[in-house]
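Hello,

Here is the structure I promised to pass on to you. Have a look at it first, and then read on for what turned up in it.

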Amino acid sequence: MIYLNDELVPKNKALISVFDHGFLYGDGIYETLRAYNGVVFRFDEHLERLFRSAFMISLTIPKTSEEIKQAVYETMKANRQEDAVIRISISRGAGPIGLDPDLCPKPTFVIMSGEFKEYPKQYYQKGIKIAIVNTRRNFKDALNPQIKSLNFLNNILAKIEAKDRGAYEAVMMNYREYVAEGTISNIFFVKDKALCTPAVDVGILDGITRRIIIDAAKEAGIDVKEGRFRKEDLYNAQEVFISNTTMEVMPVGEIDDIKIGTKPGRITKALHSAYKKKVAEYIRQCRLHIK
Ligand code: PLP
């Protein structure tokens, strides 16, 4: 079942207009969330980011946070899902051809939830291959990567390059050749025992997983550097990993044919365990709250 506007409808009846400006112009925003054991992890942070994205494109979300939460849980329940990947998409809505947002009186609101499928184990055991691509991350004063928008062509072009090179994920530089982020992930590396990751003002999405990892690292006494890094910093790193809501902490074994390690590094492993602990604790707290 799909939640479309104000109701749950079967998948084959979940249809939207060809005049939807999400389809015509990529005019809209979205969030991807993950539920563990029936609990949506860090729901508030995802909703805050959803509302921030909406604000940044002058879109009024037609529901409150509480209403969205309820609708998400209803959708998961209708699909009998406990471990799920949820996507909330909101487009400008249907309207005549033309860019003016006022042409669209009503945003289109969609929730999709699918069973979470584990990534292949070997990705975590051996690390994935990533490629530093020629496509630059959107210049933040043109289309700020902090807007989680439906307009994903920048990322798709990078993904195509990565695929052509046999890599699972691309890493984009910003327009000044500083490491930015992946197509659907943030990037981290370890150098001289410090955990390094591009600063948000390089022009990246401030991933919710990224923030949790930074907090976990600080709690473990690991030095964290959010800054500006060059691709050589990645090539020379002792450990590299990427992060997002569904992958959590995914080790990188190879960048542009340069081997980083045949196994995930010590800090990568420790941070993934710390992340899993935070998930377990969050679920426990939510369940206590529900009781
Ligand atoms: N960067 C980009 C471009 C993304 O699309 C995503 C997630 O989809 C991320 C980073 C990671 O964000 P999060 O950890 O909130 O899933």
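The lining of the largest cavity has four nonpolar, five polar and one charged residues. Keep in mind as you read that this is a predicted model. The residues around that cavity are Arg137, Asn138, Leu143, Asn144, Pro145, Ile147, Ser149, Asn151, Phe152 and Asn155. The space inside the largest cavity comes to about 60 Å³, and the count of cavities of 30 Å³ or more is one.

Next, the pockets. The largest pocket has a volume of about 510 Å³. It is lined by 29 residues, and those closest to its centre are Tyr30, Thr32, Lys148, Phe152 and Ile184. You have already met Phe152, as it also lines the largest cavity.

If you sort the pocket lining by class, you get 10 nonpolar, 13 polar and six charged residues. Which elements supply at least two residues each to this lining? They are strand E3 (28–36), helix H5 (153–164), strand E9, helix H6 and strand E13. Of these, H6 gives the most, with three residues.

Now for the ligand, which sits in the largest pocket. Two or more residues of the shell around the ligand come from each of strand E9 (179–182), helix H6 (208–219) and strand E13 (239–244). Those three elements also appear among the ones that line the pocket.

In total, 18 residues surround the ligand, and Lys148, Glu181, Ile208, Thr209 and Thr245 are the closest. Lys148 is worth finding on your screen, since this residue is also listed among those closest to the centre of the pocket. By class, the shell is made up of four nonpolar, 10 polar and four charged residues.

Three contacts are good places to zoom in:

- Glu181: an N or O atom in its side chain is 2.7 Å from a nitrogen atom of the ligand.
- Ile208: here a backbone N or O atom lies 2.8 Å from an oxygen atom of the ligand.
- Arg49: its side chain has an N or O atom 2.9 Å from an oxygen atom of the ligand.

How much of the ligand does the protein cover? On its own the ligand has 390 Å² of accessible area, and the protein covers 96% of it.

Enjoy exploring it, and write back whenever you like.

Best wishes

Conventions: Residues are numbered from 1 along each chain as its sequence is written. This is a predicted model: local features need pLDDT of at least 70, side-chain atom pairs count only at pLDDT 80 or more; totals for chains, interfaces and linings use all residues. Side-chain values use heavy atoms; hydrogens and water are left out. A residue is near a molecule or strand if one of its heavy atoms lies within 4 Å of it. A polar contact is a pair of N or O atoms within 3.5 Å; within protein, one must be able to donate a hydrogen and the other to accept it, and residues adjacent in sequence count only if both atoms are side-chain atoms. Accessible areas come from the Shrake-Rupley method with a 1.4 Å probe; for residues, only the protein chains shown count as cover. On a 1 Å grid over the protein atoms alone, a cavity is a set of points where a 1.4 Å probe fits but cannot get out, and a pocket is an open set with protein on both sides within 12 Å along at least five of seven lines; lining residues have an atom within 4 Å of a point. A molecule sits in a cavity or pocket if more than half of its atoms lie within 2 Å of its grid points. Helices (H or I, at least four residues) and strands (E, at least two) are DSSP runs, numbered from the N terminus. Ala, Val, Leu, Ile, Met, Phe, Trp, Tyr, Cys and Pro count as nonpolar, Asp, Glu, Lys and Arg as charged, and the others, Gly among them, as polar. Grid points are joined across faces, edges and corners, and a volume is the space filled by probe spheres set on the points.
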